[in-house]
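Biologist: Can you take me through this one? I would like plain answers, please.

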Amino acid sequence: MDNENKVKAKKRLGFNAIDALIIVLILAAIAGLVLRYTVLNDVEDASSYDTYYITFKSGEIPQSACDALDQTAKDADGENWVYLQNGTTRVGELTAGSVTYLPSETLAEDKDGNKVVIHYPDLFDATGMIKCEGFVSSETGAFRLNGKLDLAVGSELKVQTKYGDFVIEITAIEPALEEE
Amino acid sequence: MDEMNTKKPRERKAVWRLNILDVVILLLAAFFVTLLVMYFFPKTADALAGEETYEITYTVVFYGIDDGVDEDIVDNLQVVDKETGSVIGSVTGSPSYDGYYVNEIGFDDAGMPVFKKVEYSGKSNLTVDITARATYSEGQGYTVNGTRIACGREYGLRISSAFEGNAVCTLITVNSD
């Protein structure tokens, strides 16, 4: 009887095929969840992304920064990328010929005490356009860049390009025309 | 027969053998770990893929340094990023100096306010060209020993024992592959 009990106890504790299957299923379920919320999530959403153009302003920057921005916009073959300063979140591509800049303005008083606009001699407000992918979120109504980052007019982003670092403020978000 | 019955059964040693289920478990575990690595360390895959390297020359300007600072910046001196402690290039050519100006609001002949560039006496801007071997990758641009080189970025630099201060990068030129 003792031996029988021992054998039974051994059987109870033994690792059998059913246990292995359960472990496999648990691992598969975890892997499935990870896939669902990482890789597949992006793939599914990417198919429903539309092309948008973000217009931005970068205020009170020196001439050298304007040149760096302009140089990026002129680069072809995907070298005109714009990323957030974390270096991993791609914003889009700077559109060729979109970069313009004008002397930055401020208000000053004339001799009669009236406020008038004056221009900085060495600081500029640059504007440009970034071609990007995303959609308007049904949840928030905001433009969701790459399905992840909600943006709106007025959003400020710290971005980097091949040649420089910039702080940009979004001034418009518009969908691309259909023929594009 | 009795002999056979009385014989103690041979104790079977527990031998672990790799079976198909073990293989499946191991594969799934490896797949799961790979997914986690890809998700939390997206740069790892890129790093394994290798990066391009280029020789670049970048210009930095030390704004408003005091005149009379006994700096002795010459060709080939090593430049260190004080934040990382890494060498991020060497001085190329001789540095140049120009006046340090500040903007002040004055009035023109018509009594309208205008910015006037006023030279700040006793201070000047020091411009230095630095050449380095940089790696290039999309999203990071040019990096030298882990320091991203970018226009508009400010660096705390030490140029050998000749000089140290904060400088802003104003230009990047790619010399060669």
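Biologist: How many residues does each chain put into the contact?
Modeller: Chain A gives 33 residues and chain B gives 30; two residues are in contact if their C-beta atoms, placed from the backbone, lie within 7 Å. This is a predicted model, in which local features need pLDDT of at least 70, side-chain atom pairs count only at pLDDT 80 or more, and totals for chains, interfaces and linings use all residues. Residues are numbered from 1 along each chain as its sequence is written, while chains are lettered from A and ligands numbered from 1 in the order in which they are written.

Biologist: Which elements give two or more residues to the side of chain A that touches chain B?
Modeller: They are α2 (17-37), α4 (63-74), β2 (81-84), β4, β5 and β9 (165-175) of chain A. The largest share comes from α2(A), with 10 residues. Helices (H or I, at least four residues) and strands (E, at least two) are DSSP runs, numbered from the N terminus.

Biologist: And by class, what is on that side of chain A?
Modeller: It has 21 nonpolar, six polar and six charged residues. Here Ala, Val, Leu, Ile, Met, Phe, Trp, Tyr, Cys and Pro count as nonpolar, Asp, Glu, Lys and Arg as charged, and the others, Gly among them, as polar.

Biologist: New topic. How many helices and strands does chain A come to?
Modeller: Four helices and nine strands. Along the sequence the pattern is α-α-α-β-α-β-β-β-β-β-β-β-β.

Biologist: Which strands does β5(A) join antiparallel over 10 bridges and over nine?
Modeller: β5 (residues 115-136) of chain A is joined by 10 bridges to β1 (residues 50-61) of chain A, and by nine to β4 (residues 100-109) of chain A. Both pairs run antiparallel. Two strands pair if DSSP finds at least two bridges between them.

Biologist: Which residues of β5(A) stand opposite Lys57(A) and Leu107(A)?
Modeller: Lys57(A) faces Thr127(A), and Leu107(A) faces Val117(A).

Biologist: What about β3 and β6 of chain A?
Modeller: β3 (residues 90-94) pairs with β5(A) in the antiparallel sense over two bridges, and Glu93(A) is opposite Lys131(A) there. β6 (residues 143-145) pairs with β5(A), also antiparallel, over three bridges. In that pair Gly134(A) is opposite Leu145(A).

Biologist: Which hairpins does β5(A) form?
Modeller: With β4(A) there is one with five residues between the strands, and Gly113(A) in its turn has a positive phi of about 85°. With β6(A) there is one with six residues between, and Gly141(A) in the turn has a positive phi of about 80°.

Biologist: Now the largest nonpolar core. Which members touch the most others?
Modeller: Leu69(A), Ile130(A), Val60(B) and Ile149(B), out of 55 residues. The largest share of this core, six residues, comes from β5(A). Such a core is a set of buried Ala, Val, Leu, Ile, Met, Phe, Trp, Tyr and Cys residues joined through C-beta atoms within 7 Å. A residue is buried if 20 or more other C-beta atoms lie within 10 Å of its own, exposed if 12 or fewer, and partly exposed in between, with C-beta atoms placed from the backbone.

Biologist: Is Gly141(B) buried or exposed?
Modeller: Gly141(B) counts as buried because it has 24 C-beta neighbours inside 10 Å.

Biologist: What does Gly141(B) touch, not counting residues up to four places away in sequence?
Modeller: Gln160(A), Lys162(A), Tyr136(B), Arg148(B) and Ala150(B).
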